[in-house]
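The following exercises are to be worked through with the sequence and the model at hand. Each task is followed by a solution in steps.

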Amino acid sequence: MQAKMIIKILGLLLMLYSLSLVPPITIGLIYQDGAVMAFVTAMLLTLIAGSLLWYPNRHHKRDLKIRDGFIVVVMFWTALGLVGALPFVLEEEVPISITDAIFESFSGLTTTGATVLSGLDDMPHAILWYRQQLQWLGGMGIIVLAVAILPMLGIGGMQLYRAEMPGPSKDNKLAPRISETAKTLWMIYLSLTIVCAMAYWMAGMSWFDAIGHSFSTVAIGGFSTHDASIGYFDSAVIEAIAIFFMFLAGANFALHFRAFRSLKAKPYFFDPEFRTYTLVLLVGVAISTLYLYSQQVYDTLLESLRYGAFMTVSISTTTGFGNADFAMWPGFLPVMLIFMSFIGGSAGSTGGGIKVIRFLLLLKQGAREIQRLMHPNALMPVKLNGRTISERVMSSVWGFFALYVATFAVILLALMMLGMDQVTAFSATAATLNNLGPGLGDVAANFGGLNDPQKWILTLSMLLGRLEIFTLLVILTRTFWRA
């Protein structure tokens, strides 16, 4: 293990992150409603900490191995979640505990959107901007941003990229060099954010709200600058814009790249994951709309469609915006939406959950096993778009699914052991492990009423979900440290 190289990279990344505190400082100076000194202090502390880690090892140069990449990713996300809590701790107008501050920071960076804060409408603009910015940076992964910059400093990024983007995601390398891949991803990400912000502004949001909500929309985060979330604006046009960009952000970004490069929609139509992703959302919208209308929750079919479609897309893509309190909807609907969040977004997207491609492969594997009951000796490979999926990939998908379910069960039981009721424990675990945000029961409004041990467990759950479990758990194995 390249300890000095890992410490050097960690220092560089913290120094890089300290620069991201300049925009909140600027916002605070513009609005003159507080929090400027909190961000200045946090920026200096982060810059000093990064410098102390980097400076003694600045001349050390070694190639990173895959194991080193995993360590850097886990260490950096942990360190970033901790230093990201500094502005919340230092700002007196945000009276929360250290535990709450760390929970909020990790929730933002992992794009979970579960919050312990209330009274957002009266908070300093710098704090509100910072929460949205946290999600935007975490959306594509600040590590992916870093691999576009670190090569210029003489540090390779492939190992970081592999650790940050686990799972059977397709077309990871959009360009020959890993730095070019990261730059391409970020250009697509940035372009979607700008277009989304302009659409929100044209629909009636202020420029501050438009940019802030574009951050959390494209990042599939769900944080808002208002307690009522998107429902604050009470605008069908704004909700339609949000649905469109949540849908785009939940798709594989490699598809956006190929479609943009060819100026054709063909890559979307011929991608099996995208077709499945679209079908799942359409079926969910139809069920939600018809059930809300049949139960007379809303007076008209059009109104049922407005709220049913928005909440279905928001929950299914693991964004977590709200234009209605879905926890109060009757019958099975709230639980159905929570279950849809387990599928989540596509591989290579900013969404959480198991990912659509894994869900699709699990369905095909299940169908194959049923067929094998009738033809036990037949060779029946799993195929996508005519291509055979290797047994190595299928084994990985099954392993991930088993570990996901086991992790969910352990977290659920731990929360119940600490006094949480079953409904709250189930939804809180789903909301954090799937990087969703809103839940049911005692966490329907926010997570502020939970006790500290419960919040720490859920913070770990958010990190596990963001790094797709394997990246974090692999460093806890004896095999990892023996290698």
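## Exercise 1: Helix α18

Task: In this predicted model, determine which residues of α18 are buried and which elements they pack against.

Solution. Step 1: the buried residues of α18 are Val 356, Ile 357, Arg 358, Leu 360, Leu 361, Leu 362, Gln 365 and Arg 368.
Step 2: these buried residues pack against α15 (272-294), α17 (333-343), β1 (383-384) and α19.
Step 3: α18 covers residues 356-374, and its 19 residues reach 28 Å from first C-alpha to last, close to the 27 Å expected at 1.5 Å a residue.

## Exercise 2: Arg 358 and helix α19

Task: Establish over which ring the charged end of Arg 358 sits, and describe the aromatic pair formed by Phe 400 and Tyr 404.

Solution. Step 1: the ring beneath the charged end of Arg 358 is that of Phe 400, with 3.7 Å to its centre.
Step 2: Phe 400 and Tyr 404 are both buried.
Step 3: the two residues belong to helix α19 (residues 391-417) and lie 4 residues apart, about one turn of the helix. An α-helix has 3.6 residues a turn, so residues three or four places apart point the same way.
Step 4: the rings of Phe 400 and Tyr 404 are 5.5 Å apart, centre to centre, with 40 degrees between the planes, and the pair is tilted.

## Exercise 3: An edge-to-face pair

Task: Classify the ring pair of Trp 207 and Phe 208, and state whether Trp 207 is buried, partly exposed or exposed.

Solution. Step 1: the ring centres of Trp 207 and Phe 208 are 6.2 Å apart, within the 6.5 Å limit for a pair.
Step 2: their planes stand at 85 degrees, over the 60 required, so the pair is edge-to-face.
Step 3: Trp 207 has a relative accessible area of 39% and is therefore partly exposed, whereas Phe 208, at 5%, is buried.
Step 4: both residues belong to a cluster linked by ring pairs, which also includes Tyr 31, Trp 129, Trp 136 and Trp 186.

## Exercise 4: Helix α7

Task: Compare the expected span of α7 with the distance between its end C-alpha atoms, and find how many of its residues are buried.

Solution. Step 1: α7 comprises the 16 residues 125-140, which should span 22 Å at 1.5 Å a residue.
Step 2: the end C-alpha atoms are 24 Å apart, which agrees with that expectation.
Step 3: α7 is mostly covered, as 15 of its 16 residues are buried.
Step 4: just after α7, Gly 141 adopts a positive phi of about 105 degrees.

## Exercise 5: Nonpolar cores and a loop residue

Task: Identify the residues with the most contacts inside the largest nonpolar core, and locate Asn 252.

Solution. Step 1: the largest nonpolar core has 130 residues, and Tyr 200, Trp 329 and Phe 447 have the most contacts inside it.
Step 2: helix α4 (residues 66-83) gives the most to this core, with 10 residues.
Step 3: a second, separate core of 10 residues includes Ala 347, Leu 360, Leu 362 and Val 397.
Step 4: Asn 252 lies in the loop between α12 (236-249) and α13 (253-262).
Step 5: with 4% relative accessibility, under the 20% cut-off, Asn 252 counts as buried.
Step 6: the side chain of Asn 252 reaches the backbone oxygen of Ala 347 at 3.3 Å.

Conventions: Residues numbered from 1 in each chain as written. Predicted model: local features only at pLDDT ≥ 70, side-chain atom pairs only at ≥ 80, totals over all residues. Heavy atoms only, no water. Expected span 1.5 Å × (residues − 1). Buried < 20%, exposed > 50% of the residue type's maximum accessible area, 1.4 Å probe, protein only. Phe/Tyr/Trp six-rings, centres within 6.5 Å; stacked < 30°, edge-to-face > 60°. Lys NZ or Arg CZ within 6 Å of the ring centre and 35° of its normal. Polar contact = N/O pair within 3.5 Å; in protein donor to acceptor, adjacent residues only side chain to side chain. Core = buried A, V, L, I, M, F, W, Y, C linked by side-chain atoms within 4.5 Å. Contact = heavy atoms within 4.5 Å.
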